[in-house]
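Got your viewer open? Here's a walk through the model, one selection at a time.

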Amino acid sequence: MPRAAIAPVHGCRIACLLLTLVCLNAASPATAQSPTRLEPITPIPAMPAQDPRRLVLGERLFSDPRLSHDNTHSCSSCHDIRTNGASANAHDLTPEGQPLALNTPTVFNASLNFRLNWEGNFRSLEEHAKQTLRNPAIMASSADEVVSKLRADPDMVRQFRDAYGREPDVAGLLDAIATYERSLVTPGSRFDRWLVGEAAAITPEELSGYQLFKSLGCISCHQGVNVGGNLFQRHGIFHPLGSAEPVLVRVPSLRNVATTPPYFHDGSAPTLSEAVRAMGIAQLDRVLTDQQIAAIVAFLDTLTGTYRSEAVQPVTDTPRAATALP
Ligand code: HEC
Ligand code: HEC
């Protein structure tokens with residue numbers, strides 16, 4: 001009996017909640033410049049608090065060429081943290097100098113994606129790092145090989161002891177890299193500032209681009225904290241988009257997208273306008289006008305955040321001076 005009595009109360013609560021949501025939504029056009037707090041995109045959180053010794057060690061390892069079998073390249077060779085966390089190339093090269101099949105995604109905010117890589121085939125940064133070390137097309141080494149190199153370096157042994165209380169080992173190596181990767185978040189974009197109530201952080205054109213992004217349906221695939229990175233989708237739903245493989249991809253994040261040309265899994269779109277035009281055709285079966293494209297690109301520009309208080313920037317600009325790299 002008590003259950004039956006409670007049910008209608010719940011029903012009413014849900015109905016009231018829905019009604020409130022509808023009212024809030026309806027109220028939003030009147031206050032066009034201020035966010036409703038019900039936006040389908042949420043701000044990038046601040047860098048998580050982590051053990052500073054593990055973080056510094058991870059940062060050092062990320063730029064350490066000993067992570068590759070022949071000691072020629074590091075994670076930073078393809079993921080440049082001083083600029084956009086990726087590279088300017090459509091296809092970075094394997095240790096043999098062959099182009100990789102897929103474009104290099106940025107490592108910025110990668111920790112906020114629900115799966116990693118274009119095909120979303122990894123769930124954790126540690127597992128991803130382990131496979132990247134082993135991947136013959138990337139580091140062509142292994143976590144064990146890297147650990148044995150690091151154990152021969154007294155300075156590294158000391159740093160691992162400080163951070164983990166033990167000599168370099170696989171668990172510490174992968175944890176340090178993942179700890180650093182979790183710190184690679186880029187809060188503070190103009191769009192996020194607008195989301196938390198700074199009405200003047202974006203211009204009316206940028207806001208109309210965002211409204212278009214929602215009304216056209218881009219938002220159905222690109223949403224959440226990373227404006228993407230939380231779903232699998234086919235690419236080329238209505239019309240083909242670049243190379244056919246892989247058929248199913250994790251929708252890419254659009255955070256910092258203005259700084260990461262070229263675009264798509266095969267790097268086939270050289271500019272953001274071309275990528276937006278292609279998305280309209282391939283994913284929505286719509287030919288967008290130049291004006292619509294310009295407004296959406298203006299909105300996408302507001303998604304550029306900051307890393308260590310400096311704006312994320314395209315590779316062509318002068319690299320950030322602060323972070324030391326080899
Ligand atoms: C030769 C260039 C290259 C090097 C070196 C490289 N990567 Fe990558 N990275 C890529 C490519 C290409 C992908 C996408 C691979 C895929 O989707 O299958 C990728 C994907 C990633 C991702 C997933 C990003 C996302 O949003 O899904 C992370 C994280 C990452 N790399 C970290 C690292 C780390 C850590 C190292 C060093 C151990 C490293 N990478 C070395 C090219 C490189
Ligand atoms: C049905 C889901 C879907 C819709 C709708 C959609 N996208 Fe995408 N978007 C994707 C997928 C999947 C990719 C990756 C495509 C690829 O690499 O082949 C992507 C890639 C992108 C990229 C390139 C990102 C990068 O780093 O390479 C941009 C920019 C983009 N979309 C913008 C938009 C815009 C603007 C709209 C609306 C006009 C839109 N998308 C609509 C799923 C979608």
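## Stop one: ligand 1

Start with ligand 1 and the residues around it: this shell has 15 nonpolar, 8 polar and 3 charged residues. Keep in mind as you click around that this is a predicted model. The shell holds 26 residues, and the ones that come nearest to ligand 1 are Cys-75, Cys-78, Ala-110, Asn-117 and Trp-118. Two helices to colour here are α3 and α6, as each supplies at least two residues of the shell. Helix α3 gives the most, with 4 residues.

Before leaving, pick Asn-117 and check its backbone. Most residues other than glycine have a negative phi. Asn-117 has a positive one, near 80°. You'll find Asn-117 in the loop between α2 and α3, and it is partly exposed because 17 other C-beta atoms lie within 10 Å.

## Stop two: α2 and a buried glutamate

Step back to helix α2, residues 52-62, and select Glu-59 within it. Is Glu-59 buried or exposed? Glu-59 counts as buried, because it has 22 C-beta neighbours inside 10 Å. Now add Ala-178 to the selection: it is 119 residues from Glu-59 in sequence, yet their C-alpha atoms are 9.7 Å apart in space.

## Stop three: α3, α4 and α6

Next, select residues 125-134, which is α3, and show the side chains of its buried residues: Leu-125, His-128, Ala-129, Thr-132 and Leu-133. Look down the axis and you'll see them on the same side of α3, because they cover an arc of only 135°. The spacing has a simple background: an α-helix has 3.6 residues a turn, so residues three or four places apart point the same way. Among the elements covering the buried residues of α3 are α4 (143-151) and α6 (170-182).

Move on to α4, where Ala-143, Val-146 and Leu-150 are buried. Turn the view down the α4 axis: these buried residues fall within an arc of 65°, so they line one face of the helix. Their cover includes α3, α5 (154-164) and α6.

Now show α4 and α6 together. At what angle do their axes cross? It's roughly 95°, and the axes come within 9 Å. The two helices are therefore roughly perpendicular to each other. To see the contact itself, select Ala-143, Asp-144, Val-146 and Val-147 on α4, and Val-170, Leu-173 and Leu-174 on α6. By class, that contact has 6 nonpolar residues, no polar ones and 1 charged.

## Stop four: ligand 2

Jump to ligand 2. Of the 28 residues around it, Cys-218, Cys-221, His-235, Tyr-263 and Phe-264 come nearest. The elements giving two or more residues to this shell are α8 (204-216) and α9 (272-284). Which of the elements gives the most? That's α9, with 6 residues. Colour the shell around ligand 2 by class and you get 18 nonpolar residues, 10 polar ones and no charged residues.

## Stop five: α8 against α10

Keep α8 on screen and add helix α10, residues 290-301: the axes are 7 Å apart and the packing angle is about 105°. That makes α8 and α10 roughly perpendicular to each other. On the α8 side, the contact is made by Glu-205, Glu-206, Ser-208, Gly-209, Tyr-210, Leu-212 and Phe-213. The α10 side brings in Gln-292, Ala-295, Ile-296, Ala-298 and Phe-299. Together the contact residues come to 7 nonpolar, 3 polar and 2 charged.

## Stop six: backbone oddities

Most peptide bonds are trans. For a cis one, select Glu-245 and Pro-246, where omega is about -15°. Pro-246 sits in the loop between β1 (232-234) and β2 (248-250). Then try Pro-261 and Pro-262, whose peptide bond is also cis, with omega near -5°; Pro-262 lies in the loop between β2 and α9.

Finish the backbone check at Arg-308, in the loop between β3 (306-307) and β4 (310-311). Its phi is positive, near 50°, and Arg-308 counts as exposed because it has 12 C-beta neighbours inside 10 Å.

## Last look: zoom out

Show the whole protein chain as a cartoon: you should find 10 helices and 4 strands. In sequence order they run α-α-α-α-α-α-α-α-β-β-α-α-β-β. Of the chain's 326 residues, 37% are buried. Among contacts between residues at least 6 apart in sequence, 66% join residues at least 24 apart.

Terms used. Residues are numbered from 1 along each chain as its sequence is written. Chains are lettered from A and ligands numbered from 1 in the order in which they are written. This is a predicted model: local features need pLDDT of at least 70, side-chain atom pairs count only at pLDDT 80 or more; totals for chains, interfaces and linings use all residues. A residue is near a molecule or strand if its C-beta atom, placed from the backbone, lies within 6 Å of it. Ala, Val, Leu, Ile, Met, Phe, Trp, Tyr, Cys and Pro count as nonpolar, Asp, Glu, Lys and Arg as charged, and the others, Gly among them, as polar. A residue is buried if 20 or more other C-beta atoms lie within 10 Å of its own, exposed if 12 or fewer, and partly exposed in between; C-beta atoms are placed from the backbone. Two residues are in contact if their C-beta atoms, placed from the backbone, lie within 7 Å. The arc is that of the directions from the helix axis to the C-beta atoms. Axes are lines fitted to C-alpha atoms, for helices over the stretch in contact, and angles run from 0 to 180 degrees between N-to-C directions. Angles under 35 degrees count as roughly parallel, over 145 as roughly antiparallel, 65 to 115 as roughly perpendicular and the rest as oblique.
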